[in-house]
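Colleague: I would like a close look at one part of this model, and at how it fits with what lies around it. Please keep to plain terms and explain each one as it comes up.

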Amino acid sequence: MIILGIDTSCDDTSMALLEGKNKVLSNVVSSQADLHSLFGGIVPEIASRRHVELIDNIYRDAIAKAGVSPHEIDAISVTNGPGLIGSILVGLCFAKGLAVSLKKSLIGINHVEAHVMSIFLEYDVGFPFLGLVVSGGHTTIMLVHEPCVYEVIGSTRDDAAGEAFDKVAKFLGIGYPGGQIIERMSRTGKRDFVMFPRPMAEEDNLDFSFSGLKTAFINWTRKNKLTEDNLIDVLASFQEAVFDTLWRKILKATKRFNIKRVVVGGGVAANSRLREMFRERCGNEGLLVYFPSPTNCTDNAAMVAATGYFYFERGRLSPLDIKGISRMRIKV
Ligand code: KG4
Ligand code: ZN
């Protein structure tokens, strides 16, 4: 079985070909980060126009790298939400056109679900497990009962974790996307230099709020002097506060639902300090934690194809008039 995955939910144009459950034949990702870095964040109109310019070549590239003929494709799995609607529609319309012309099945995929299911490209995780998605658009905890059966048990009430990194980086004028830059700069920083708040950590729910943490960072720089000497320590402390907050909620969730397995996906999950912290703390608590390889954490179409595999296997296909949905929720 060969599945074509397509993801244009945000600022990356990506297509992948997947054979069976986890053999990635190709996974082409064209990042637009250089375009958007000029503005310190994603400009939706620029993103969707760029997808239109790139998508045909990305398709040809993915097909050529995989060494398959388009007629060998069994199903087309495409992100139809959540994300930037103008961007989503480029991939979705392309997928529909291809499905009609090749007479293939179409499967609409939730991008957040795909970040979690990307783990199956590399590991056969047992069910049930907790899925934590930490990206630029989402901070979500899901209870994954079995493939295609999920429950959202926690999410952010304002900014996503990655968004907090991006906004702090924009405030400091150190570049975009902020996550990788802050990770690099804070590698040797003192993580306990500033005790930033852990928003909502003590509350009896599994939700997050990262907007306040970003504000706490900005306020600190107004009250104290940010210098070349203390910058890496302040950034390391900020990063630690984000990850410690994530950890506290995950620990709470594992206890509440009596779950021993945790999967962490999304762009922020590429961060080596997050991976180190979760591995160490999960080990101490007797929990198993799984991370996709860093390149499978950030947006890519292989994860969309991998999710599509489970839907295709269960005969859960989408109609040709499936809609693009910007604020799509996870199906239960
Ligand atoms: O999953 P992703 O590629 O796109 C969305 O679905 O949002 O995630 C992008 C986000 C950005 O906010 C970026 O700053 C963050 O992931 N990110 C990181 C790292 N790499 C990407 N954050 C922290 N550390 C990283 N190494
Ligand atoms: Zn994403």
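In which loop is P128 found?

Modeller: P128 is in the loop between α4 and β6 (129-134). The helix and strand names are DSSP runs numbered from the N terminus, with helices (H or I) of at least four residues and strands (E) of at least two. Two notes on the source come before the rest. This is a predicted model, in which local features need pLDDT of at least 70 and side-chain atom pairs count only at pLDDT 80 or more, while totals for chains, interfaces and linings use all residues. Residues are numbered from 1 along each chain as its sequence is written, chains are lettered from A and ligands numbered from 1 in the order in which they are written, and side-chain values use heavy atoms, with hydrogens and water left out.

The peptide bond from F127 to P128 is cis, with omega near -5°. Another cis bond runs from G81 to P82, where omega is near -15°; P82 is in the loop between β4 (75-81) and α3 (85-102). A further backbone feature is M200, which is not glycine but has a positive phi, near 65°. M200 is in the loop between α6 (178-185) and α7. Most residues other than glycine have a negative phi, and most peptide bonds are trans.

Now the domains. An automatic or database assignment sets their bounds, giving domain 1 (2-117 + 297-313) and domain 2 (125-291). Their centres, taken over C-alpha atoms, are 26 Å apart. Contact means heavy atoms within 4.5 Å, and by that rule 18 residues of domain 1 touch 21 residues of domain 2.

Buried area is the accessible area (1.4 Å probe) that two parts lose on being put together, summed over both. Between the two domains about 1500 Å² is buried, and carbon and sulfur atoms give 77% of that. On the domain 1 side, V112, V116 and C297 lose the most area, together 36% of what that side buries.

A salt bridge is a side-chain nitrogen of Lys or Arg within 4 Å of a carboxyl oxygen of Asp or Glu. The rule finds 0 of them across this interface, although the structure holds 21. A polar contact is a pair of N or O atoms within 3.5 Å; within protein, one must be able to donate a hydrogen and the other to accept it, and residues adjacent in sequence count only if both atoms are side-chain atoms. Between the domains, 2 residue pairs are in polar contact, with both residues at pLDDT 80 or more.

Three elements give two or more residues to the domain 1 side: α1 (33-37), α4 (111-117) and α11 (302-313). The largest share, 5 residues, comes from α4, the helix that comes before the loop holding P128.
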